[in-house]
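The exercises below invite the reader to examine a structure step by step. Each task is followed by a worked solution.

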Number of protein chains: 2
Amino acid sequence: MDQQPAYNHVHEETVQRVNEIMPGEEELFDLSELFKVFGDSTRIRILYVLFESDMCVCGIAELLGMTQSAISHQLAVLKKAKLVRYRREGKTIFYSLSDDHVRTILDQGMEHITE
Amino acid sequence: MDQQPAYNHVHEETVQRVNEIMPGEEELFDLSELFKVFGDSTRIRILYVLFESDMCVCGIAELLGMTQSAISHQLAVLKKAKLVRYRREGKTIFYSLSDDHVRTILDQGMEHITE
DNA sequence: CTTTCATATGAGCAATCGTTCATATGTATT
DNA sequence: AATACATATGAACGATTGCTCATATGAAAG
């Protein structure tokens, strides 16, 4: 008896090519989680601050005119995504950017929206 | 009478440098809106499909194992962000990628998560 | 050890998001 | 015109998000 093809509208060849390049479930999850982090203007502003200088939490809060708590929550998100590092100096904790992908990703995004 | 400085923890010089490079309110909004679009694995999967081939809505739906409605809603989001184009051919509408930033942004994201 | 300053964290709330379901729009075929 | 097919869209739902508020942790100074 005939086996029905899984796809009717798409060439089987195309299906195979797509399946070859499609990232796995876990990679897709991690990738979308990463971009979610960039998907908030407060977090983007924090990253732009850190482009210029390492800074403590209350410094960032002052500069952006937001509460310490709000900034701390967002830094936790950036930290979890490994976009920022931190070091302790006495009572103060200084945050800094962890790598260059941050800048590249933001620059590419900026290019897209300004064309 | 002495004017109190606006910021206590941050050097005035740093404040100025940050204000110079910080994108304006509208740019920040657009930028975060753009990255929100990448922040969903269904939309990322659609983009990966379109890397391989232009495709109709029901084709994408079949390939990804999702409903036509769900895909159509997400394509509307991608369309609004100008990440995809479309052309009509009879009853069918074919979607395709609109520019190369999509690939660069996804590649940079992938580099970040796989290191 | 108590106080103070810097930061982190948990609960709660309004707002936003992604999907489903039902239905509307639009194009070709008869 | 009537039907069929491809796509779009609006309402509704549970889930997630970003902030606030109150409080906890942690380090230095007294």
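## Exercise 1: The interface of the two chains

In this predicted model, 53 residues of chain A are in contact with 53 residues of chain B.

**Task.** Determine how much area is buried between chain A and chain B, and which atoms contribute to it.

**Solution.** The buried area between the two chains is about 4700 Å². Carbon and sulfur atoms give 74% of that area.

**Task.** Find how many salt bridges and how many residue pairs in polar contact link chain A and chain B.

**Solution.** Begin with the salt bridges, of which there are 2 between the chains. One salt bridge joins R17(B) to E52(A), with the closest N and O atoms 2.8 Å apart. This separation satisfies the cut-off of 4 Å for a salt bridge. Next, consider the polar contacts: 8 residue pairs are found across the interface, both residues being at pLDDT 80 or more.

**Task.** Identify the elements of chain A that give two or more residues to the side touching chain B, and state which gives the most.

**Solution.** The elements of chain A concerned are α1 (12-21), α2 (25-38), α3, α4 (57-64) and α6 (101-113). Among the contributions to this side, that of α6(A) is the most, with 10 residues. By residue class, the side of chain A that touches chain B comprises 26 nonpolar, 15 polar and 12 charged residues.

## Exercise 2: The surface near DNA strand D

**Task.** State how many residues surround DNA strand D and which of them are the closest.

**Solution.** DNA strand D is surrounded by 26 residues. The closest are T42(A), S69(A) and Q74(A) from chain A, with H73(B) and Y95(B) from chain B. Of the strand D atoms that come within 4 Å of the protein, 63% belong to sugar and phosphate. The residues of this surface divide into 7 nonpolar, 12 polar and 7 charged.

**Task.** Establish which elements each supply at least two residues of the surface near DNA strand D.

**Solution.** Chain A supplies residues through α3 (41-52) and α5 (68-80). Chain B does so through α4 (57-64), α5 (68-80) and β3 (92-97). The element that gives the most is α5(B), with 5 residues.

**Task.** Which part of DNA strand D, base or phosphate, lies opposite S69(A), S69(B) and V57(B)?

**Solution.** First, take S69(A): an N or O atom of its side chain is 2.7 Å from a base nitrogen. Second, a polar side-chain atom of S69(B) is 2.8 Å from a base oxygen. Third, V57(B) places a backbone N or O atom 3.2 Å from a phosphate oxygen.

Methods. Residues are numbered from 1 along each chain as its sequence is written. Chains are lettered from A and ligands numbered from 1 in the order in which they are written. This is a predicted model: local features need pLDDT of at least 70, side-chain atom pairs count only at pLDDT 80 or more; totals for chains, interfaces and linings use all residues. Side-chain values use heavy atoms; hydrogens and water are left out. A residue is near a molecule or strand if one of its heavy atoms lies within 4 Å of it. A polar contact is a pair of N or O atoms within 3.5 Å; within protein, one must be able to donate a hydrogen and the other to accept it, and residues adjacent in sequence count only if both atoms are side-chain atoms. Helices (H or I, at least four residues) and strands (E, at least two) are DSSP runs, numbered from the N terminus. Ala, Val, Leu, Ile, Met, Phe, Trp, Tyr, Cys and Pro count as nonpolar, Asp, Glu, Lys and Arg as charged, and the others, Gly among them, as polar. Contact means heavy atoms within 4.5 Å. Buried area is the accessible area (1.4 Å probe) that two parts lose on being put together, summed over both. A salt bridge is a side-chain nitrogen of Lys or Arg within 4 Å of a carboxyl oxygen of Asp or Glu.
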